[in-house]
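I opened the file to go through its charged pairs and cysteines. Here are my notes, in the order I looked things up.

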Protein chains: 2
Amino acid sequence: MIRNVAIMGATGAVGQELLKILEQRNFPLQNLKLLASERSVGREYEFKGEKLKVELTCKDAFKNVDLVLSSAGASVSKEFAPIAVDAGAVVVDNTSFFRMDPNVPLVVPEVNPEDIKLHKGIIANPNCTTIMMVVALKPINDLSKITRIHVATYQSASGAGATGMAELKQQYQEIVEGKPVTVKKFAHQLAYNLIPHIDVFTDNGYTKEEMKMFNETRKIMHSDVRCAATCVRVSALRCHSEAISFETERPLSIEEVSNAIKNGEGLQLCDDVANNVYPMPLNLMGTDDVYVGRIRKDLACDNGMNIWIVGDQIRKGAALNAVQIAERL
Amino acid sequence: MIRNVAIMGATGAVGQELLKILEQRNFPLQNLKLLASERSVGREYEFKGEKLKVELTCKDAFKNVDLVLSSAGASVSKEFAPIAVDAGAVVVDNTSFFRMDPNVPLVVPEVNPEDIKLHKGIIANPNCTTIMMVVALKPINDLSKITRIHVATYQSASGAGATGMAELKQQYQEIVEGKPVTVKKFAHQLAYNLIPHIDVFTDNGYTKEEMKMFNETRKIMHSDVRCAATCVRVSALRCHSEAISFETERPLSIEEVSNAIKNGEGLQLCDDVANNVYPMPLNLMGTDDVYVGRIRKDLACDNGMNIWIVGDQIRKGAALNAVQIAERL
């Protein structure tokens, strides 16, 4: 029975969204604790009409806590998740730190809810781009096994947190006002630009973000599917988009795929090109589902299909997925 | 011998770039004529220190003209290109109208220059996204035949011409000033957004822009390669970018591909991820070559490779390619 809940990293973009979602979904809890680093201690946030003060993330913070929703960064999770578990809590962790740990289930409730019960204290929340993709591919994989994925992402500034969004807005303001453009959070100016570089590069030339899509997809889907990703930061504020080509063991029809999406969990079919209807990030900020459109046969391979998906990666891609895991606990 | 040159559609984004490129490359001509529709007649533009007045595109405009560089739209080309040819001119046409006509060569000088001499008066300039892709793939195809291409594009506002760029700038200005956003040129607001829809939709669910990448690539490369494209408008001002996955008959090494790009015509290798070096649209406005980076083995198929390319599609994608064709005439 979950009574006492703590949000670790409560002041970040995902932490703030967790707060909202717990209230919106009327998550059954008695006490909520907001934890953050020293410089945020004492800040106040409202939850169900009550003011909550941010407390320091420290060893003693997890006493009597039943559930920790963690999104404070990999190094904080590495240090404090085991402490929280020792104190008796279950940790749903939004960072990358535990995701590929064989002892930690990596869960998207629409895809592999059964893995939740294998947990030993920690359950990992996958990377946002992976969550969106596997939610969309799950009902298709149920029709016929997906063997190959090529994906190019269009990831918004919010993937770099609240400061990422603020920096992008500031850059456009500076451009309009004719001032020099401030670049801090991103490696380069993002306004009017594209940056084909998210997270750090690994030895094979892929970024960690791209390797997450390869590795996490296999773990979540319990599949040997091969996924080649190109992850690109674009000048959108919120919502990630993905152009996905996939190949299945048997050929599928557009109708089969459309019906699978229509009836799939956490999915919205948004595909009426005759009326210029397809998912776009600007319209979908703050939504919970993954929107799928542009469903068409792949012209480059016989058993292939192409889709275009958009989702609010702060919600479904992070905070909402974590709360959905907690609800199933 | 080319003496008298006319630019048809001289006041548009490509027309203006044609004017610049003819001057920059000191194209050997004696007289230059600027042609446009009625509302632009009388406007003046400078060429090599001389003021040129825009004249009306009409039947008599092509008398004594040896070469027409045309970028006024498909319907204007349809009407006036045959008239110009009858008057004795060669037409290098930037529109889509004649591209798939079996009697009209479709030429990228770095790829199929030999096709120029097959012309019967009209030579077609391919679509910008296709030009950039085939320039990058040509030296790789020479190493081993490319059999399959998956490409996702990130196309800037300038693909919709000068008014497209102006509208995007205006949208950001309006957002910064807290005003309602004007949407005219694009189907939806482009600022802070992505629009997975360029040109009109065809019966198979692909847009014409996407089908151009399939059909034109085969014609230019004299190949049965299969190409599946997703074309997306992004919030960049100028330069198109493309995430390309391709498969070859034999497996290639990263070194082979890098060397092919380094030594390829019209190409710049821009691939040093250890130092955050990869092509980006913001840095490459006004450049002539296609920049290639993020070269890496495809994780999804054995003979596959992934690359990321960026090019200024108004120059190499349109105006420069047309002038290069004319230079070889």
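**Salt bridges and cysteines**

I began in chain B, where B:R328 and B:E265 meet through their side chains in a salt bridge, 3.1 Å from N to O. My cut-off for a salt bridge is a side-chain nitrogen of Lys or Arg within 4 Å of a carboxyl oxygen of Asp or Glu. B:R328 sits in helix 7 (residues 315-328) of chain B, and B:E265 in the loop between helix 6 (254-263) and strand 11 (267-269), 63 residues apart. Helices (H or I, at least four residues) and strands (E, at least two) are DSSP runs, numbered from the N terminus.

A note on the source: this is a predicted model, where local features need pLDDT of at least 70 and side-chain atom pairs count only at pLDDT 80 or more, while totals for chains, interfaces and linings use all residues. Residues are numbered from 1 along each chain as its sequence is written, and side-chain values use heavy atoms, with hydrogens and water left out.

Next I checked exposure: B:R328 is partly exposed at 41% relative accessible area, and B:E265 is partly exposed at 46%. Buried means under 20%, exposed over 50%, partly exposed in between (1.4 Å probe, protein chains only).

In chain A, I found A:E247 bridged to A:R148 at 3.0 Å. A:E247 is partly exposed at 25%, but A:R148 is buried at 5%.

Over all chains I count 40 salt bridges.

How many disulfides are there over all chains? The search finds 0, a disulfide being a pair of cysteine sulfur atoms within 2.5 Å. For A:C231, the nearest cysteine sulfur, that of A:C227, is 8.4 Å away.

How values were computed: Chains are lettered from A and ligands numbered from 1 in the order in which they are written.
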